[in-house]
Amino acid sequence: MKDLNFNADKALAKEFISNFADANGDAKYMDILQEVANHKTKAVQIDLEDLFNYKDLDEEFLRRVTENTRRYIELFAGAIDELLPEPTEAFHDDDHDILMTQRAEDAANNKDGSDSRQKMPPEIKRYFEVYIRAPSKGRPFTIREVKASYIGQLVRIAGIVTRCSDVKPLMQVAVYTCEECGCEIYQDVTARIFMPLHECPSMRCSINKTKGNLILQLRASKFLKFQEAKIQELAEHVPKGHIPRTMTVHFRGEITRKVSPGDVVELSGIFLPIPYTGFRAMRAGLVADTYLEAMSVTHYKKKYEEYELRGDEEEQIARLAEDGDIYNKLARSLAPEIYGHEDVKKALLLLLVGAPHRKLKDGMKIRGDLHICLMGDPGVAKSQLLKHIINVAPRAVYTTGRGSSGVGLTAAVQRDPVTNEMVLEGGALVLADMGICAIDEFDKMDESDRTAIHEVMEQQTVSIAKAGITTSLNARTAILAAANPAWGRYDLRRTPAENINLPPALLSRFDLLWLILDRADMDSDLEMARHVVYVHQNKESPALGFTPLEPSVLRAYISAARRLSPYIPKELEEYIATAYSSIRQEESKSNAPHSYTTVRTLLSILRISAALARLRFSESVAQSDVDEALRLMQMSKFSLYSDDRQKSGLDAISDIYSILRDEAARANKMDVRYAHALNWISRKGYSEAQLKECLEEYAALNVWQIHPHTFDIRFIDA
């Protein structure tokens, strides 16, 4: 291997920075340097893809940068020091600029400064940081694939962030002043620990034979922002029978505060060893620990608020919003491989969209997140729906009832291994803040653990009073729970309350409790079997009549919808109030009520209506939104209503007639609009075909007349 000439490499780096042009022909890096000179930005990110695509590429140089990245960051920084242009905009002088002016004058006066310690290190002059970003081509490494041969090299790693420290200042250059001679002494700090200087090493003090006392000047020293995080292997990368490995990651400067616990990220950085310190060094002997010095962070899923729509995405969303059937299309694009469950998918879509949070003047908050519980027989694809929602949502945590304790869901107090202090570690509900927490096997949770969820579902906080820590953590999360009925399968001989077997305090907090019963029905069973076989053969869902939307498009559409905050117009107040009171009346008359209706149910209607208005990109809630919200609430118990009707001996046609007659009598009208009739009967689980059959049958009996075009109904007063 020939000797490395770092000066030649510095010249190559200088040439690349000054001459590289992007696809539009702009001098990309010189523009960044101009921003740095104007104090607009501090980070200079050198992209290795640009170096790879550079017209005068030296492949050996590229290989050296990848394999000895730490050294080449210093070379690039030196090249930038020489190339940095003059500022083109005026900016306010800060302490650093004033100090640098003073030091430059001192250096000019002290020309004979032969002492190396008195020379100003280049790091202290810089007000920028250099990062070298790995190319995004190819698959990133898993943590266990990064071995000793990669030490010092630039690597890309995928994983999930499990812990983040606070951002603290890390000393980069220590500056001392001598009490005797007044010289300023500089000390580079390269490791996590350093030995401070005590005696002045300047020429003046050594000639005078005075051991000048040095005082550390914190204001004049240079500090960097520093954050430590733990990254863990993704579950799909862990081999059979192994536990996930973790790695320490150090973030410095401008890339701190980019990650939070629970984020799935791809990091590019330098894989480096670090010796143990203190007592651990005695025990470890020659063994060193390793860490990743991060150079760039890429999030796999962005938060809704951080979503910046590109031009083509904006056009696509505008086209989708104009589509009249967008509500159905979005719902059917959720887990298209799962047969049926169309109304359940609509409810899950509304869970993703949510309603706006309301904050009143006196500080009281009304939650906007929807909570849904799917309760059903085994084998109705509850867990699969949960898993799919986790994939679509930008921030989501999946847990199971048996594997979660109360503190695992809320927060645990632990001793921090670094600082040895008691710290709070957020549980699943805190990690899912501003996202979704999916809890499978909800019925198998211990009663004591389930009570931890009560406060989160309504107040959206987790209150802790443990080990001298008294605090309240935010947990603004939407809960999606899946559970089996009390005896494994729904027992029709028992009441709904006995089957559901959840306390009323918890049930009332769910906006929708969806009962999915597995019934033997020749036609639907055949259809479902064909669907499942097709998915097995072709690894995709059968044609839906339109192309299902990709999860990324769904996320973009939902992020655009979540920016709206629809209000309820005055004319709908009475309509909603009447609908709510009629639900209460129905429940009070029933011997075995299917649901538990409280004022929370009214808030649920408002939340679901607001979510539907958001999907339409509307600023106000329409009556159709309220009707759809009421329909979803009725449809959630649909499988039970069909049973009740069979028990009562009423056939569908007679039942539809009695519904229409009762509603007309309640409104004290002889005319009924067809749209209203369809809305009333669909709430009870009947189809449009059954309504038309009923209309024809009773029109033949001269009970009512039907308009030939609009199908509106007029009762004939007997």
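How do the residues of the lining of the largest cavity divide into nonpolar, polar and charged? In this predicted model, the lining divides into 2 nonpolar, 4 polar and 3 charged residues. The residues in question are Arg 133, Ala 134, Ser 136, Arg 156, Glu 266, Leu 267, Ser 268, Ser 296 and Thr 298. Strand S9 (264–275) and strand S10 (288–299) each supply at least two residues of this lining, and S9 gives the largest share, with 3 residues. The space in the largest cavity comes to about 60 Å³, and the count of cavities of 30 Å³ or more is 1.

Attention can now turn to a small stretch of secondary structure further along the chain. An open sheet of 3 strands follows the order S22-S24-S23, with antiparallel pairing. Its edge strands, S22 (671–672) and S23 (704–706), each pair on one side only. Between S22 and strand S24 (residues 713–715), which run antiparallel, there are 2 bridges; here Asp 671 stands opposite Arg 714 in S24. Helix H27 (residues 688–700) packs on the sheet and touches S23 and S24, its direction making about 125° with that of S23. A second helix, H25 (residues 652–667), lies across S22, S23 and S24 and runs at about 75° to S24.

A single residue, Ser 333, rounds off the picture. Ser 333 belongs to helix H11 (residues 326–333). Ser 333 counts as buried because its relative accessibility is 3%, which falls under the 20% limit. Beyond its neighbours within four places in sequence, Ser 333 is in contact with His 388, Phe 546, Pro 548, Leu 549 and Leu 554.

Technical notes. Residues are numbered from 1 along each chain as its sequence is written. This is a predicted model: local features need pLDDT of at least 70, side-chain atom pairs count only at pLDDT 80 or more; totals for chains, interfaces and linings use all residues. Side-chain values use heavy atoms; hydrogens and water are left out. Two strands pair if DSSP finds at least two bridges between them. Helices (H or I, at least four residues) and strands (E, at least two) are DSSP runs, numbered from the N terminus. Contact means heavy atoms within 4.5 Å. Axes are lines fitted to C-alpha atoms, for helices over the stretch in contact, and angles run from 0 to 180 degrees between N-to-C directions. Buried means under 20% relative accessible area, exposed over 50%, partly exposed in between (1.4 Å probe, protein chains only). On a 1 Å grid over the protein atoms alone, a cavity is a set of points where a 1.4 Å probe fits but cannot get out, and a pocket is an open set with protein on both sides within 12 Å along at least five of seven lines; lining residues have an atom within 4 Å of a point. Grid points are joined across faces, edges and corners, and a volume is the space filled by probe spheres set on the points. Ala, Val, Leu, Ile, Met, Phe, Trp, Tyr, Cys and Pro count as nonpolar, Asp, Glu, Lys and Arg as charged, and the others, Gly among them, as polar.
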